[in-house]
Amino acid sequence: MALRELSSLEKYLGLKKPNKYSTQGDKKVPVLQNNNGPPMLGLATIACHLAKEAKRPELLGDTAESRAVVQQWLEYRVTKLDSCTKEDIKFILKDLNLYLQDKVYLAGNRFTVADTLMYYGIHPLIVDLAIQEKEQYVNVTRWFDHIQHYPGVRHHLPPVVVLKNRIYTSRHH
């Protein structure tokens, strides 16, 4: 999955010459075969390299604080989201929902590479949610829908239908 994500990220960034990727180990850690030096290892490392290669440093954060937040979410993606179990999913969605309560993007008010990679990572979880479950995580759903419609991001993933109107059970009438 990570190789398709990196390929989609390259397309989003407008990189013309596709890189050569492989995977390493049981967890299929992505590896970028770099012509200028040793291979680069890991989704977050490669994503940051691609943003720099595309001369899009703003996608890594525009202040020291936002760069730290971007790195935090890239690490969260790799350490928590990529290895989550079925039992972890509700905790992750609840945590993310609370975090996004007053934010448009993961690093505040600017779109970053963290939004792209978290979107790619969370897509399979959102696809499996029922409409009522998506409503439970309204901030995640709002963010997710916004990112999936961000120009050039979705590439290899099918769109997820997100209803704009709230569905109420009979107890709310």
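In this predicted model, helix 5 and helix 7 pack with their axes 10 Å apart and at an angle of about 115 degrees, and the crossing of these two helices is left-handed. On the side of helix 5 the residues that take part are Asp115, Met118, Tyr119, Ile122, His123 and Ile126, and they meet Val140, Trp143, Phe144, Ile147 and Gln148 in helix 7. Sorted by class, the residues of this contact divide into eight nonpolar, two polar and one charged.

Ile126 is a useful place to look into this contact from the helix 5 side. Ile126 has a relative accessibility of 1% and therefore counts as buried, the limit for that class being under 20%. Once residues up to four places away in sequence are set aside, Ile126 touches Val140 and Phe144, and also Leu93, Lys134 and Val160. Asp115, which is named in the contact with helix 7 as well, stands 11 residues from Ile126 in sequence and 15 Å from it in space, C-alpha to C-alpha.

Lys134, one of the residues touched by Ile126, also leads to Thr141, a residue placed in helix 7, which spans residues 138-148. Thr141 has a relative accessible area of 8% and is buried. A polar atom of the Thr141 side chain lies 2.8 Å from the backbone oxygen of Lys134. Leaving aside neighbours within four places in sequence, Thr141 is in contact with Lys134 and Val162.

Returning to helix 5, one can ask which residues Thr116 is in contact with, once its neighbours within four places in sequence are left aside. They are Leu9, Phe111 and Val153. Thr116 lies in helix 5, and with a relative accessibility of 0% it counts as buried.

Helix 5 also packs against helix 3. Two packed helices are described by the angle between their axes and the distance between the axes. For helix 3 (residues 64-81) and helix 5 (residues 113-127) the angle is about 25 degrees and the axes are 8 Å apart. Angles under 35 degrees count as roughly parallel, and helix 3 and helix 5 are therefore roughly parallel to each other. Helix 3 passes helix 5 in a left-handed crossing. Helix 3 brings Val70, Trp73, Leu74, Tyr76, Arg77 and Leu81 to the contact, while helix 5 supplies Val113, Ala114, Leu117, Met118, Tyr120, Gly121, Ile122 and Leu125. The contact of helix 3 with helix 5 comprises 12 nonpolar residues, one polar residue and one charged residue. Met118 and Ile122 of helix 5 belong to this contact, and both are also named where helix 5 meets helix 7.

Helix 3 has a further partner in helix 2, and here the axes are 9 Å apart and the angle is about 140 degrees. Because of that angle, helix 2 is oblique to helix 3. Leu43, Ala44 and Cys48 of helix 2 make the contact with Gln71, Leu74, Arg77 and Val78 of helix 3. Its residues fall into five nonpolar, one polar and one charged. Leu74 and Arg77 take part here, and they are also among the helix 3 residues in the contact with helix 5.

Between helix 2 and helix 3 runs a loop, and two of its residues deserve attention. Is Leu60, found in this loop, buried or exposed? With a relative accessibility of 8%, Leu60 counts as buried. Not counting residues up to four places away in sequence, Leu60 touches Cys48, Ala51, Lys52, Ser66, Arg67, Val70 and Val113. Lys103 lies 43 residues from Leu60 in sequence and 17 Å from it in space, C-alpha to C-alpha. Lys55 is found in the loop between helix 2 and helix 3 too, but Lys55 is exposed, with a relative accessible area of 69%.

The backbone of Lys55 leads to a last point. Most residues other than glycine have a negative phi. Lys55, although it is not a glycine, has a positive phi of about 55 degrees. His155 is likewise not a glycine and has a positive phi, of about 30 degrees. His155 is found in the segment after helix 7, and at a relative accessibility of 41% it counts as partly exposed.

Conventions
Residues are numbered from 1 along each chain as its sequence is written. This is a predicted model: local features need pLDDT of at least 70, side-chain atom pairs count only at pLDDT 80 or more; totals for chains, interfaces and linings use all residues. Side-chain values use heavy atoms; hydrogens and water are left out. Axes are lines fitted to C-alpha atoms, for helices over the stretch in contact, and angles run from 0 to 180 degrees between N-to-C directions. Helices (H or I, at least four residues) and strands (E, at least two) are DSSP runs, numbered from the N terminus. Angles under 35 degrees count as roughly parallel, over 145 as roughly antiparallel, 65 to 115 as roughly perpendicular and the rest as oblique. A crossing is left-handed if the near helix is turned anticlockwise from the far one by less than a right angle, and right-handed if clockwise. Contact means heavy atoms within 4.5 Å. Ala, Val, Leu, Ile, Met, Phe, Trp, Tyr, Cys and Pro count as nonpolar, Asp, Glu, Lys and Arg as charged, and the others, Gly among them, as polar. Buried means under 20% relative accessible area, exposed over 50%, partly exposed in between (1.4 Å probe, protein chains only). A polar contact is a pair of N or O atoms within 3.5 Å; within protein, one must be able to donate a hydrogen and the other to accept it, and residues adjacent in sequence count only if both atoms are side-chain atoms.
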